[in-house]
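Please read this briefing alongside the predicted model shown below. The points are grouped by topic.

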Amino acid sequence: MDTARVLVAADKFKGSLTAVQVAERVTAGLRRVVPGVRVETLPVADGGDGTVAAAVAAGFERREARVTGPLGTPVTAAYAVRSATAVVEMAEASGLQHLPAGEFAPLTATTYGAGELLRAALDAGARTIVFGVGGSATTDGGAGMLTALGARLLDADGKPVGPGGAALAGLAEADLSGIDQRLADVDLVLASDVDNPLTGPKGAPEVYGRQKGATEDDIAVLDAALSHYASLLGPDHAELPGAGAAGGIGYGALVALGARFRPGIEVMLDVLGFAPALARATLVITGEGSLDEQTLHGKAPAGVAAAAREAGVEAVAVCGRLALPPEALGRAGIRRAYALTELESDPALCMAQAGPLLERAAEAIARDFLL
């Protein structure tokens, strides 16, 4: 197949390889079998952690800002800029990666730094901001973010409420008039792979609270506090798709910042220039660390495969672990998946040796689809 043109558009393998490293390893494996094959790489992300890195790999300029972390201490957060478009990843400021090992703060973790990061993007002249939300350490409904952008959230004594979701139970007045006026002229796109509402059985505290260290009692406290918060800011927005994303920061962006929700992978494929790259390809290789049921609900490989199928281009996937039957892969537009666990059954070894194993998987793809 002398005319083969391969597009590698995969997400990270969480805990072992970045999306850029995945692309490098796949390319190396393909070229070991077909030395002259033309390969184009476009690392992708779905709005969660890794979104800024994918934008930088696609030609955006990496910028950094010193902001407030989820525990209130300063952290360095990256964002990406290209002309008048900025990609802001809330996890860079308010993500779980900023918590010390084993330490959680489900009731008090704040999104203040995410608001500071949005302000940095505004200062950089952004007219379009892709706001990727996921991987948060927080469940504060975006209250910290709104405060950083100029909102006043006050208790019955007229004092600012404390950080985190639990303190919102004491919210008496929400004054949004001071929110940064530049946001009115910006297209703020809420990019997320989840469409949960803010509260209730499918809401942010119930569905995601436990992974942030919340006990059952904490979840009840947070759900009640966020319900009260929404009753003051706008209860209708609490039911919108994406309101529950990243501990409810989606709600804050939708109700007070004029954001519009779009599935994260769709937004990122547009921003990264996926369509023209796809038009040049005869085979697409996508993937992520675990191909499972979650993949089918808005994760990067599903979005890439769907776009490839629509364009009539065959797609295969690489993954660390495969938990989908062939028929589910087929419905998603993935012809075949190559799992690293098929090459190394020990999970710890599989993660430790993910790079070399991925090259071997790519060699198999080359033999199966390029010779």
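Cys319 is buried, with a relative accessible area of 0%. This cysteine takes part in no disulfide, and the nearest cysteine sulfur, belonging to Cys350, lies 9.2 Å away. Cys350 is likewise in no disulfide, and with a relative accessibility of 6% it too counts as buried. The structure as a whole, which is a predicted model, holds zero disulfides.

**The parallel sheet**

- Five strands form an open sheet with parallel pairing, in the order β2-β1-β11-β12-β13.
- The edges of this sheet are β2 (38–41) and β13 (337–339), each of which pairs on one side only.
- Neighbouring strands of the sheet are turned against each other by 25° on average, with direction ignored.
- Strand β1 (residues 5–8) runs parallel to strand β11 (residues 283–291), and three bridges join the two; Val6 stands opposite Leu283 in β11.
- Helix α11 (residues 300–311) packs on the sheet, where it touches β11 and β12 (314–322), and the direction of the helix makes about 160° with that of β11.

**Helix α14**

- Helix α14 (residues 354–369) has 16 residues, which at 1.5 Å a residue should span 22 Å, and its end C-alpha atoms are 22 Å apart, in agreement with that expectation.
- Twelve of the 16 residues of α14 are buried, so the helix is largely enclosed by the rest of the structure.
- The buried residues of α14 include Ala354, Gly355, Leu357 and Leu358 towards the start of the list, and also Glu359, Glu363 and Phe369.
- The cover over these buried residues includes the strands β11, β12 and β13, together with the helices α1 (19–33) and α13 (347–352).

**Salt bridges within α14 and its network**

- Glu363 forms a salt bridge with Arg367, in which the closest N and O atoms are 4.0 Å apart.
- Because Glu363 and Arg367 are four residues apart in helix α14, about one helical turn separates them.
- The two partners differ in burial class, since Glu363 counts as buried at 16% relative accessibility, whereas Arg367 counts as partly exposed at 46%.
- Salt bridges with shared partners join Arg25, Arg32, Glu359, Glu363 and Arg367 into one network.

**Salt bridges elsewhere**

- In total the structure holds 22 salt bridges.
- One of them is formed by the side chains of Asp123 and Arg182, with an N to O distance of 2.8 Å.
- This pair links distant parts of the chain, with Asp123 in helix α4 (residues 112–123) and Arg182 in the loop between β8 (173–175) and β9 (187–192), 59 residues apart.
- Asp123 is exposed, with a relative accessible area of 55%, while Arg182 is partly exposed, with a relative accessible area of 33%.
- The side chains of Asp175 and Arg152 also meet in a salt bridge, at 3.6 Å from N to O.
- Asp175 lies in strand β8 and Arg152 in strand β7 (residues 152–154), so this pair ties together parts that are 23 residues apart in sequence.
- Arg152 counts as partly exposed, at 43% relative accessibility.

**Positive phi outside glycine**

- Ser83 has a phi near 50°, a positive value in a residue other than glycine; the residue is found in the loop between β4 (74–82) and β5 (85–89).
- With a relative accessibility of 69%, Ser83 counts as exposed.
- Ala246 also has a phi near 50°, again a positive value in a residue other than glycine, but Ala246 lies in helix α8 (residues 245–256).
- With a relative accessibility of 10%, Ala246 counts as buried.

**A loop residue and its distant partner in sequence**

- Glu239 lies in the loop between α7 (216–233) and α8, and this residue is exposed, with a relative accessible area of 56%.
- Glu239 and Asn196 are separated by 43 residues in sequence, and their C-alpha atoms are 8.0 Å apart in space.

Conventions
Residues are numbered from 1 along each chain as its sequence is written. This is a predicted model: local features need pLDDT of at least 70, side-chain atom pairs count only at pLDDT 80 or more; totals for chains, interfaces and linings use all residues. Side-chain values use heavy atoms; hydrogens and water are left out. Buried means under 20% relative accessible area, exposed over 50%, partly exposed in between (1.4 Å probe, protein chains only). Two strands pair if DSSP finds at least two bridges between them. Axes are lines fitted to C-alpha atoms, for helices over the stretch in contact, and angles run from 0 to 180 degrees between N-to-C directions. Contact means heavy atoms within 4.5 Å. The expected span of a helix is 1.5 Å times one less than its number of residues. A disulfide is a pair of cysteine sulfur atoms within 2.5 Å.
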